[in-house]
Amino acid sequence: HTGTAYSICRKYENHYYAATFNNFAARMDWAEEGTGNINPVVVINGDTSLNILTITPRPDSTVVLDASATFDPDSNSLSFSWWVQPEAGTYSQSITIADSDSTVATVTVPSDSDGKTFHVICEVRDNGTHNLSSYRRIIFKPGVAGSDTSVKQVPVAFAGPNQTVTDTDEDSVETVTLYGTF
């Protein structure tokens, strides 16, 4: 086999092979022993979901991506890698990511990226047995009208422990008000 598609497939097969194998091995531990390593939970700029994140910065700006709230359910140590998946976007030039091996990375949005897209991946690996990895994708959609350098987040309410609402007048209708901030 030859060609661009083959080369891309081999590149990502090589990149993800160890993570795929370790994920399988950890699941076999669970099947055999009922315990095993659990994947890290990647939190980007406060977003705890599994959603792909999208931002619309201005070209020639910088965007800070903060994964410092990321955690490992097993309390294993974590390592971070931020990288660009060039095949997924329409911007074909190099993207600079400062501190690409830390919890907080800074992406420089190229001045000629208006109207194009690029995808940044946050890859987090634990040091448990077997090393498990988790990933988050951030899609950049730079535009001259854009100015949003924050990650689009799904609102999440942390209201404390579970609460019970009692139907005091037995009409099956109660109003609950939650107060919060973004």
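How accessible is Lys-11, and is this residue buried, exposed or partly exposed? Lys-11 counts as partly exposed, at 39% relative accessibility. Please keep in mind that the model in these views is predicted.

**View 1. Lys-11 reaches across the chain to Glu-87.** These two residues form a salt bridge, with 2.8 Å between the closest N and O atoms. The pair ties together distant parts of the chain: Lys-11 sits in helix α1, Glu-87 sits in the loop between β3 (78-84) and β4 (96-98), and 76 residues separate them. Glu-87 counts as partly exposed because its relative accessibility is 33%. By the rule used here, the salt bridges come to three, and the next two views show the others.

**View 2. Arg-10 and Glu-13 pair up within helix α1.** Here the salt bridge has its closest N and O atoms 2.9 Å apart. Both residues belong to helix α1 (residues 4-33) and lie three residues apart, about one turn of the helix. An α-helix has 3.6 residues a turn, so residues three or four places apart point the same way. Glu-13 is partly exposed, at a relative accessible area of 42%, and Arg-10 is partly exposed too, at 35%.

**View 3. Asp-47 meets Arg-136 in a buried pair.** The closest N and O atoms of this salt bridge are 3.0 Å apart. Asp-47 is found in the loop between α1 and β1 (53-55), while Arg-136 is in strand β7 (residues 133-140), so that this link spans 89 residues of the chain. Both partners are buried. As a general reminder, side chains of opposite charge can pair when their charged atoms come close.

**View 4. Helix α1 bends at Tyr-16.** This helix has 30 residues and reaches 43 Å from its first C-alpha to its last, close to the 44 Å expected. At Tyr-16, α1 bends by about 45 degrees. Its buried residues are Tyr-12, Ala-19, Asn-22, Ala-25, Ala-26 and Asp-29, and what covers them includes β3 and β7. Follow the chain just past the helix and you meet Gly-34, with a positive phi of about 80 degrees.

**View 5. Gln-85 makes a polar contact with Arg-137.** Gln-85 lies in the loop between β3 and β4. Its relative accessibility is 14%, so Gln-85 counts as buried. The side chains of Gln-85 and Arg-137 make a polar contact at 2.8 Å. Neighbours within four places in sequence aside, Gln-85 is in contact with Tyr-12, His-119, Ile-121 and Arg-137. Tyr-12 may be familiar from the previous view, as one of the buried residues of α1.

**View 6. Asn-45 and Asp-99 take positive phi values.** Asn-45 is not a glycine, yet its phi is positive, at about 45 degrees. You can find Asn-45 in the loop between α1 and β1. Asp-99, also a residue other than glycine, has a positive phi near 60 degrees. Its place is the loop between β4 and β5 (104-109). With a relative accessible area of 49%, Asp-99 is partly exposed.

**View 7. A cis peptide bond joins Thr-129 and His-130.** Look at the bond between these two residues, where omega is about 0 degrees. His-130 lies in the loop between β6 (118-126) and β7.

Definitions and conventions. Residues are numbered from 1 along each chain as its sequence is written. This is a predicted model: local features need pLDDT of at least 70, side-chain atom pairs count only at pLDDT 80 or more; totals for chains, interfaces and linings use all residues. Side-chain values use heavy atoms; hydrogens and water are left out. A salt bridge is a side-chain nitrogen of Lys or Arg within 4 Å of a carboxyl oxygen of Asp or Glu. Helices (H or I, at least four residues) and strands (E, at least two) are DSSP runs, numbered from the N terminus. Buried means under 20% relative accessible area, exposed over 50%, partly exposed in between (1.4 Å probe, protein chains only). A polar contact is a pair of N or O atoms within 3.5 Å; within protein, one must be able to donate a hydrogen and the other to accept it, and residues adjacent in sequence count only if both atoms are side-chain atoms. Contact means heavy atoms within 4.5 Å. The expected span of a helix is 1.5 Å times one less than its number of residues. The bend at a residue is the angle between axes fitted to the seven residues ending there and the seven starting there.
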